[in-house]
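Here are some notes to help you find your way around. Keep the structure open beside you as you read, and take the points in order.

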Amino acid sequence: MAGEDVSSNFRALVENADRKFARVRDLPAFGRAQSHYFQKVFKAYMKLWNYQQSHRSKLVESGLNRWEIGEIASRIGQLYFSQYMRTSEARFLLEAFVFYEAILKRSYFDEAQGKDLGARFKELRFYARFLLVSLIVDRKQMLLHLADKLRLLVDHSISNFRETNFKEWRLVVQEITRFIESDTNLTYLRPLRYCAMLDSYPASQTYLARFHAKKLFKFRDALLASYHRNEVKYAEVTLDTYRMMQCLEWEPSGSFYQKKPVEAKENGFVVDHTLTSGLIDMNLAADMADPSLPPNPRKAILYRPTVSHLLAVLAMICDELSPETVMLLYLSASGGPARENVAQPENSVGSSRTSKSKLLARASQEQKSYKSEPHSNGKLMSAEYYENHLWLGPRGGSSGSNNLYPGDLIPFTRKPLFLIIDSDTSRAFKVLGGAERGEPVAMLLSPLKPSFENPSTDDTEALNGSQFTFFLTAPLQAFCQMLGLSNTKPDPELCDEAESILSASFSEWETILLTSKVLNLVWAQVLPDPFLRRLILRFIFCRSVLTSFSRTEDDDPYLPQCHPNLPELLSSVSKPVQSSVQRLAEHLGVAKSFHFTNT
C-alpha cells in the first residue's frame, strides 16, 4: 500500500510539473513579464526531483524507468534554453548545456535499448535539443559527437521500429549535417562573439572615454529575421541569424573559456540555483560563465516569419523599449518578384582591372546617393515607400500580404532604430531616410549581388549564407571566401598576421570615428556601444573591399551602402581605409584581384 502511495504521489507531481512546464513552453517567446512563470515551474520540478530522490528504491520497485529520470532533467534543460531564447542571458544557455551534458554522460536513455517507442522519441528529442544548445554555445566537438549519435540513433530506430515513419528525423539529421558542413568549411580562428581581448582597441579607449554626443543610445534589444529559399538552417536558426546572434553576444573574457565563479544574481535577475546543484550534482561555479561581463542584448529570432507576425513582434519590442535605447533590426530576405531596382551588369570587353577614375566616381556616387532621391514638393513621394520590398513568403507565391515594404517600418521609427537589410532589394529602404517619425534611422544596406573571384553555378548564398552578413560577423573569413582562399587547413602564422592587420586597421578607423568633427549625430549616438561600433567598422571594411575588387561589369549592384553617410575620411577609397585593405590583400597574396587608387 505504501509503495502504491509513493508511486501515485510521484505521478501527481509529474503531472503538476508537466502542466506548469507546458504553460512556460507555450508562452510567447517575446515579452519581459514572464519570470514568475519560470520560478513556479522550477519549484514544481524541485519538489518532484527531491521526492524521487527520497523514494528512489520504492519508485524503482513500482516500475520507475531510468529514462524517466532523464526526461525530468531534459525538461529542465529545455526550460533553461527557452528562457535563454527569451532573455539572451548567457547563464541560462550554459545551465542548459550542463544539464544536457550530464544526461548524456549518465546514459539515462540507454536502458530502453529500442524497446519502448515513446522513450525512443524522447531520446531523439533530447539529442535534437542538445545539438541546438551545443551549436549556440559553440562547442564544436560536442556538436560533431552529437550529430553522429543522432544519425546512428535514427538508423537504429528505422531498423527496430519498422511500423513507424521516421522521415522527420531523417530530415533533422540532414539539417544538422548540412549546417555543420556549411559552417565548418571556414575555420573560425577567433570567436564570433565580442571578445574584450580581441575586439577592443587600447589606442582608442582614451577617445572613447571622452566621447559624447547630445544624446547617447543604449543597445538592449535586437530582432533578427531570415526568409530565404533553401537556406541552411537547424531547427529555426538559419546560418545568417546564427552568425548575427553570436556576433551580438559577449565572449567570456580572459582566455576564451576561462572558468570563474558565478553569482546567484545574473543581469539583475535573481535565480534560485539550489535546484541545479541538487539535481545533477554538477559544480556550476566551474562553467564558462563570466559575471564580470555586461548583459547580452536581448534577441528575438524569427525564422520565416509572416509579415504580420514580424510587425507584431516588432511592435511588442518597440513598446517595451526603455527611454534612450536603440533597437537593432536585422532582415535577411530575397526581394520581391519585380526587382526593378537591381542594376543590370554591363557587357564590357577589355581590361579586367577597374580604372582609377571609375573608383573615384564610385566614391563620389557614394557621397551623393542619398541626395538624389525623387521628391514631390520637397518630400519623398509616398509611392516610394511601397514599390520594392522584401519577400516573406514561399517560392512561387504572389500574395501582397507577403511583401514587407519600407513604408511598413515607418511607424517604428518613433523609437531609435539601427537597421541592417541584407537583400537584393536592400536599397529600397533608403527612402526611410527623412521619413522617420522620431529619431533618424541608422542603416547598413547590403549589395544587391555578392562578389566572388570565381563565381560558381552553385547557389553559394544558400550554401554558405549571405556574403554581407558574413562580412559583418567574420570579416577575415568573408574576405577569404570571396577570393576563393582555402580555409580548411589555414596557416596559423599567416592568419594571425592577417588578423593583426585587420585589428590595427579597425583601431585606426575607430579613432577616426571617435575624433571626427563631421560625424553625423545618428552614428554618434550609437558609437559608444561596442556591438554597434564593431558592426560599423566591419561595414567600412566590407565596403572598401567590394569597391576595390576588380570586375568586368558595372560595380554599383555589388556595393553596400549606409545612411546617413559616414565621414569622408572613411570612404571606400580614402587612404586610411584602402591602404589597410591593400596590406591585407598583399599579405594573403591576392593583390592582383584588386585595383587600388593609392598605388
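1. A good place to begin is a single pair of residues: in strand β14, H563 is the bridge partner of M443. Please keep in mind throughout that this is a predicted model. M443 belongs to strand β13, which covers residues 442-445. Strands β13 and β14 run antiparallel and are joined by 3 bridges.

2. Now step back to the sheet around that pair. How many strands does the open sheet have, and in what order? There are 6 strands, in the order β6-β1-β7-β12-β13-β14, and the pairing is mixed. Strands β6 (298-303) and β14 (561-563) are the edges, each pairing on one side only. On average, neighbouring strands of this sheet are turned by 10 degrees against each other, direction ignored.

3. As background for the pairing, strands of a sheet pair through backbone hydrogen bonds, and they do so either parallel or antiparallel. You can see both kinds here. The antiparallel kind is found between β13 and β14, whereas β12 and β13 run parallel, with 4 bridges between them. Strands β7 and β12 also run parallel, and 6 bridges join them.

4. A few residues make it easy to trace your way across these strands. Start at L331, whose bridge partner in β12 is I421. I421 in turn has L445 as its bridge partner in β13. A second route starts at L419, which stands opposite M443 in β13, and M443 leads on to H563 in β14.

5. Are the residues on the two sides of β12 buried or exposed? L417, L419 and I421 point one way, F418, I420 and D422 point the other way, and all are buried. Put as a count, 6 of the 6 residues of β12 are buried. Strand β13 has both faces covered too, with A442 and L444 buried on one side and M443 and L445 buried on the other.

6. Next, look at helix α20, which spans residues 530-548. This helix packs on the sheet, where it touches β1 (218-227), β7 (325-333), β12 (417-422), β13 and β14. The direction of α20 makes about 40 degrees with that of β12.

7. Within α20, F531 deserves a closer look. Why does F531 count as buried? Its relative accessible area is 3%, and the cut-off for buried is under 20%, so F531 falls on the buried side. Leaving aside neighbours within four places in sequence, F531 is in contact with Y194, F219, C247, L248, E249, W250 and P297. P297 is 234 residues away from F531 along the chain, yet their C-alpha atoms are separated by 9.3 Å.

8. R534 lies in α20 as well. Although arginine is a charged residue type, R534 counts as buried, at 5% relative accessibility. What does its side chain meet there? The side chain of R534 makes a polar contact with the side chain of D199, at 3.0 Å. A polar atom of the R534 side chain also lies 2.8 Å from the backbone oxygen of C247. Not counting residues up to four places away in sequence, R534 touches L192, R193, Y194, D199 and C247. Two of these, Y194 and C247, are also among the contacts of F531.

9. Away from the sheet, try comparing two helix pairs. Two packed helices are described by the angle between their axes and the distance between the axes. Helices α4 (residues 66-87) and α6 (residues 117-137) pack at about 35 degrees, with axes 10 Å apart, and their crossing is left-handed. From α4, the residues W67, E71, S74, Q78, F81, Y84 and M85 meet A119, K122, F126, R129, L132, V133 and I136 of α6. By class, this contact has 9 nonpolar, 2 polar and 3 charged residues.

10. The other pair is α17 (residues 475-483) and α18 (residues 492-515), whose axes come within 10 Å and cross at roughly 120 degrees. This crossing is right-handed. P475, L476 and Q477 of α17 meet C495, A498, E499, L502 and F506 of α18. The contact has 6 nonpolar, 1 polar and 1 charged residues by class.

Definitions and conventions
Residues numbered from 1 in each chain as written. Predicted model: local features only at pLDDT ≥ 70, side-chain atom pairs only at ≥ 80, totals over all residues. Heavy atoms only, no water. Buried < 20%, exposed > 50% of the residue type's maximum accessible area, 1.4 Å probe, protein only. Contact = heavy atoms within 4.5 Å. Axes fitted to C-alpha atoms, helices over the stretch in contact; angles between N-to-C directions. Left-handed = near helix turned anticlockwise from the far one by under 90°. Polar contact = N/O pair within 3.5 Å; in protein donor to acceptor, adjacent residues only side chain to side chain. Pairing = 2+ DSSP bridges.
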